[in-house]
Amino acid sequence: MRISVEMSHYPLTENFRKIQLVLGDLTQQNVEAIVNAANNALLGGGGVDGAIHRAAGQGLIEECRTLNGCETGDAKITKGYNLLAKHVIHTVGPVWRGGMRNEPELLASCYRRSLDVALENGIKTIAFPNISTGVYGFPKPEATKIAIQTVFDFLNSHNEIERIVFVCFDNENYSLYASNLGEIRQNFSCNC
Ligand code: ADP
């Protein structure tokens with residue numbers, strides 16, 4: 001019995017080691033791909049999208065023009081141009097409209113599809129912003145839980161991913177991520 005409990009904790013411990021929490025700027029992350037919280041047109045915008053386009057340079061918008069936009073909950077990949085990251089994975093989060101329009105499922109889909117696209121391109125280190133929690137208005141506590149849960153679920157079934165960085169730009173998001181990750185550690189007595 002004891003052994004089986006320890007064994008069931010093994011993947012959780014392993015997965016925790018792959019997750020990093022950072023308070024900072026997504027565009028400065030040294031990973032193979034950063035994920036952009038884009039809009040359906042994929043033609044740039046404000047917030048993290050604007051910061052990524054400014055840091056990447058003109059090549060990024062030119063490549064984005066060839067992609068024919070992106071559905072909410074889906075993801076598409078481009079090169080990273082002047083960024084440290086070799087790739088940008090553009091995903092489109094849901095606009096929060098009260099929670100009855102499939103927003104949680106669509107947000108989870110953003111994380112899953114971004115990770116699918118990463119794996120299809122041999123990418124093993126990925127940094128995420130807090131998708132939809134800016135101008136799209138998704139409540140931060142719920143968005144945090146969805147992000148963490150979806151990433152853990154994905155890691156459980158995809159061993160190839162080596163590192164996931166959650167990059168928070170504001171203290172509120174950072175605290176939410178820190179306390180959620182802390183709770184998971186405690187609940188599972190995770191030695192990590
Ligand atoms: P959305 O439209 O998906 O809400 P936003 O860009 O408005 O996208 O916000 C998404 C999250 O990205 C917000 O929590 C915001 O604080 C954060 N953000 C904005 N700029 C940056 C940046 N340079 N690096 C990391 N996160 C950022």
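A polar contact is taken here as a pair of N or O atoms within 3.5 Å. In the predicted model, a backbone N or O atom of Val135 meets this cut-off, lying 3.0 Å from an oxygen atom of the ligand. Taken alone, the ligand exposes 560 Å², of which the protein buries 90%.

Two further residues place N or O atoms within the polar-contact cut-off of the ligand. Val48 contributes through its backbone, with an N or O atom 2.8 Å from a ligand oxygen atom. Asp25 contributes through its side chain, a polar atom of which lies 2.9 Å from a nitrogen atom of the ligand. The contacts of Val48 and Val135 are thus made by backbone atoms to oxygen, whereas the contact of Asp25 is made by a side-chain atom to nitrogen.

The ligand is surrounded by 16 residues. Leu26, Val48, Ser132, Thr133 and Gly134 are the closest of these. Sorted by class, the shell consists of 7 nonpolar, 7 polar and 2 charged residues. Helix H2, which spans residues 47-56, supplies 3 residues of the shell, the largest share. The space that the ligand takes is the largest pocket of the model.

Asn180 was examined next. This residue is placed in helix H6, which covers residues 171-187. Its relative accessibility is 12%, and Asn180 therefore counts as buried, the limit for that class being under 20%. The side chain of Asn180 reaches the backbone oxygen of Leu176 at a distance of 2.9 Å.

Positive phi values were found at two non-glycine positions, Tyr81 and Asn102. For Tyr81, phi is near 55 degrees. Tyr81 is located in the loop that links strand S3 (75-79) to strand S4 (87-92). With a relative accessibility of 33%, Tyr81 counts as partly exposed, because this value falls between the limits of 20% for buried and 50% for exposed residues.

For Asn102, phi is about 70 degrees. The residue lies in the loop between S4 and helix H4 (103-120). Strand S4 thus borders both the loop that holds Tyr81 and the loop that holds Asn102. The relative accessible area of Asn102 is 42%, so Asn102 is likewise partly exposed. Asn180, in contrast, is buried at 12%.

Methods:
Residues numbered from 1 in each chain as written. Predicted model: local features only at pLDDT ≥ 70, side-chain atom pairs only at ≥ 80, totals over all residues. Heavy atoms only, no water. Near = heavy atom within 4 Å. Polar contact = N/O pair within 3.5 Å; in protein donor to acceptor, adjacent residues only side chain to side chain. Areas by Shrake-Rupley, 256 points an atom, 1.4 Å probe, with all protein chains shown as cover. 1 Å grid on protein atoms, 1.4 Å probe; cavity = no way out; pocket = protein on both sides within 12 Å on 5 of 7 lines; lining within 4 Å. Sits in = over half its atoms within 2 Å of the grid points. Helix = DSSP H or I, 4+ residues; strand = E, 2+ residues; numbered from the N terminus. Nonpolar A, V, L, I, M, F, W, Y, C, P; charged D, E, K, R; others polar. Buried < 20%, exposed > 50% of the residue type's maximum accessible area, 1.4 Å probe, protein only.
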